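Me: I want to go through some salt bridges and ask what justifies each label. Here is the structure.

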There are 2 protein chains.
Amino acid sequence: MKRIAILGSTGSIGQSTLSIVESYADRFQVATLAAGKNLDSIYEQALRWKPRVISVASEAAAQKLHSRLKQAGVSDIEVVYGSTGIVRVATHPEVDFVVSAIVGVSGLEATYEAVKAGKSVGLANKECLVVAGELITAEARRQGKPLLPIDSEHNAVHQCLRGGRMHEVERIWLTASGGPFLHTPQSEFASITVQQALNHPTWKMGKRITIDSATLMNKGFEVIEACRLFDLPPERVQVIVHPQSTIHSMVEFVDGSILAQFSVTDMRLPILYALTYPDRIPSELRFPVMDLRHLDFCPPDMVKFPCLRLAYEAAAAGGTKTIALNAADEVAVAAFLEEKIGFDDIPRIVEDVITATSTADLESIQEVLALDIEARRVALEVVKQRSQTGSPIRAIS
Amino acid sequence: MKRIAILGSTGSIGQSTLSIVESYADRFQVATLAAGKNLDSIYEQALRWKPRVISVASEAAAQKLHSRLKQAGVSDIEVVYGSTGIVRVATHPEVDFVVSAIVGVSGLEATYEAVKAGKSVGLANKECLVVAGELITAEARRQGKPLLPIDSEHNAVHQCLRGGRMHEVERIWLTASGGPFLHTPQSEFASITVQQALNHPTWKMGKRITIDSATLMNKGFEVIEACRLFDLPPERVQVIVHPQSTIHSMVEFVDGSILAQFSVTDMRLPILYALTYPDRIPSELRFPVMDLRHLDFCPPDMVKFPCLRLAYEAAAAGGTKTIALNAADEVAVAAFLEEKIGFDDIPRIVEDVITATSTADLESIQEVLALDIEARRVALEVVKQRSQTGSPIRAIS
């Protein structure tokens, strides 16, 4: 029986994880849960799963949940809150496997502490690798425990890598859907509306990641994640556009053989893979191979999508630059969603912020979090300047 | 240093193997060679590779080669001949790895003896698995030595299987180019000429295998090979048509994940893979992934291509039926190439012969060879009947 902690249990990955636990009740059980502000949902989960510990966003929320549970006659669930609460959920002695699925930097410290406590960790949180990848992967190596990617691309890479050894890998090929603007001329990018940008062709996701998919920044983050997770330099992580997103990613070996992975586009599959690795267990998530008709590919356009180029540059420069990249992008996307800046301003803002960030080695999660805050401050300043003047953004000093 | 025996050294696979040995002279050396009637070519190979033993087709050929080598001042090569000669080449104590690439049943006994002698064997000879698969794989299991497939499809499967364990395999997907008549209406099959049938879209190969590709019998043989090699029932080996032949084959696991392999269409790649397994070593055989544009797929049409259906039926019925399938097909293809029968008569003749063959367990290679001879006799009779009367072929009693 594998005892599972879910960081972000009310989100999409959290719910998919719980659906897997439900389907395979003989193999998995919920040990602890961490959620945010959706109190009704976490209350339901508490009654259904009876975890040892639940963490919520604030002290007030914790008190509210505690009294609701008491009214329902449930008194043996420990309710905690805040960042120390998430760490408690992630490092609880009765946890074997941690699913890290809190969006943003709030899950960072808890994920790092889980790795440090020797837990097996499934990573669905992009920030863990983008902003603190070096620290987390180094700690996982020290612990000799696997970091299992829970997203279709890196999970595909993880599967394909089984066809050889790490020193036999020539490069990784991440596939990209290309987003909704694959065929839109660059001249029209300035007038792209929020609604157009939120219309992703393949996956239904949160707003930020949908915009990041439209700018290809999301693919850029994935390049950085792949570099960290698989310990490869950026030039050995390539992107190829594949609009159907059928093939989730590929690995090219030194002998010239390439392995590709595909499956239905359902997040339960990478979750199941991560939870059962190195085993595979039967699922009903079957891809109808006989219905395959056409798969299309083309190279990515880094001029039309400068975010991808910026991500490669940040990946090559290392730690502090990728923190700036992520923070600046989050701020810029929020400004775009609020219609303060244009779609084509997103890469401009990001470029300004990463240019203003100096490179340095990172030694602790606290340092990472401080740099993240500073990068956001700079990004907000650049956005303000842009939205006030309406003039093209220039690098700040 | 891996010491290699090549059964069929002057053929296409044999030459590709020698080119690999040449490229990686620090890893491989030629220990022994077996060839057929191309005496000039085997003489050149003898001078170039200085093997311990060479086997040729006949005593006369052996004497001729021996005296030519003597004239050239080479006296330390043992020249042998015939079926005992091939066995000597395959089981020589200084051989570590045997590449089995003699077309037809002549390489069967030697391959079996090589497995029995504990050699690692790379299989490029289809007959080994189609007609004697049960015997050879059982012996390889007893010896605990790998049988490594040297053809693009099974080699691809072998690579994809590394992504899980055998009991985690749901099914294998062999890709088929579909041959030159993929889009030809069935009504035109009777009038297909030899020249049309020899025009294969992807690979340049020998005549029989080219016709077998046009009838999809070759894919049928590959289904049988896959069943034997990977110990799966025929219903778990599926075929999907993929005209570009970019993806060489796929493995679907029980969790719903599918791994696919692709690479340049160059036989040196599966040879290199087999010779170096479980390692991979760098080659210059690179697939230009960035140039990928379109991959197309469609289900196979077993009505239009009855040979594929017949192969599935023979695979399900077992040993004697697959011997009959192979023998009848070889005879029928020869008759088609001599313009004695029509293209659409090939499956008719094959079906008659396998219907006339009873099922039985096979216990020795000698039994296999005797059944092969008998099936050929029956097939020749059916062909004769057909070419004399010109009437539709009926099952013989």
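The questions below take the salt-bridge pairs in turn.

Me: What kind of model is this, and how many salt bridges does a search of the whole structure find?
Reply: The model is predicted. The search finds 60 salt bridges over all chains.

Me: What makes Arg228(A) and Glu134(A) a salt bridge?
Reply: Their closest N and O atoms are 3.5 Å apart. The cut-off is within 4 Å, so the pair qualifies.

Me: Which parts does that pair tie together?
Reply: Arg228(A) lies in helix H10 (residues 217-230) and Glu134(A) in helix H6 (residues 126-143), both of chain A. The pair therefore ties together parts that are 94 residues apart in sequence.

Me: Why is Arg228(A) called buried?
Reply: Its relative accessibility is 9%. Buried means under 20%, so the label holds.

Me: Why is Glu134(A) called partly exposed?
Reply: Glu134(A) has a relative accessible area of 34%. That lies between the 20% and 50% limits, so partly exposed is the term.

Me: What makes Asp212(A) and Arg208(A) a salt bridge, and what separates them along helix H9?
Reply: The closest N and O atoms are 3.2 Å apart, and the limit is 4 Å, so the pair counts. They are four residues apart in helix H9 (residues 207-215) of chain A, so about one helical turn separates them. Both residues are buried. They also belong to a network of salt bridges that includes Lys126(A) and Arg376(A).

Me: How do you know that Asp40(B) and Arg68(B) meet in a salt bridge?
Reply: The N to O distance is 2.8 Å, within 4 Å, so they do. Asp40(B) is in helix H2 and Arg68(B) in helix H3 of chain B, 28 residues apart.

Key:
Residues numbered from 1 in each chain as written. Chains lettered and ligands numbered in written order. Predicted model: local features only at pLDDT ≥ 70, side-chain atom pairs only at ≥ 80, totals over all residues. Heavy atoms only, no water. Salt bridge = Lys/Arg side-chain N within 4 Å of Asp/Glu carboxyl O. Helix = DSSP H or I, 4+ residues; strand = E, 2+ residues; numbered from the N terminus. Buried < 20%, exposed > 50% of the residue type's maximum accessible area, 1.4 Å probe, protein only.
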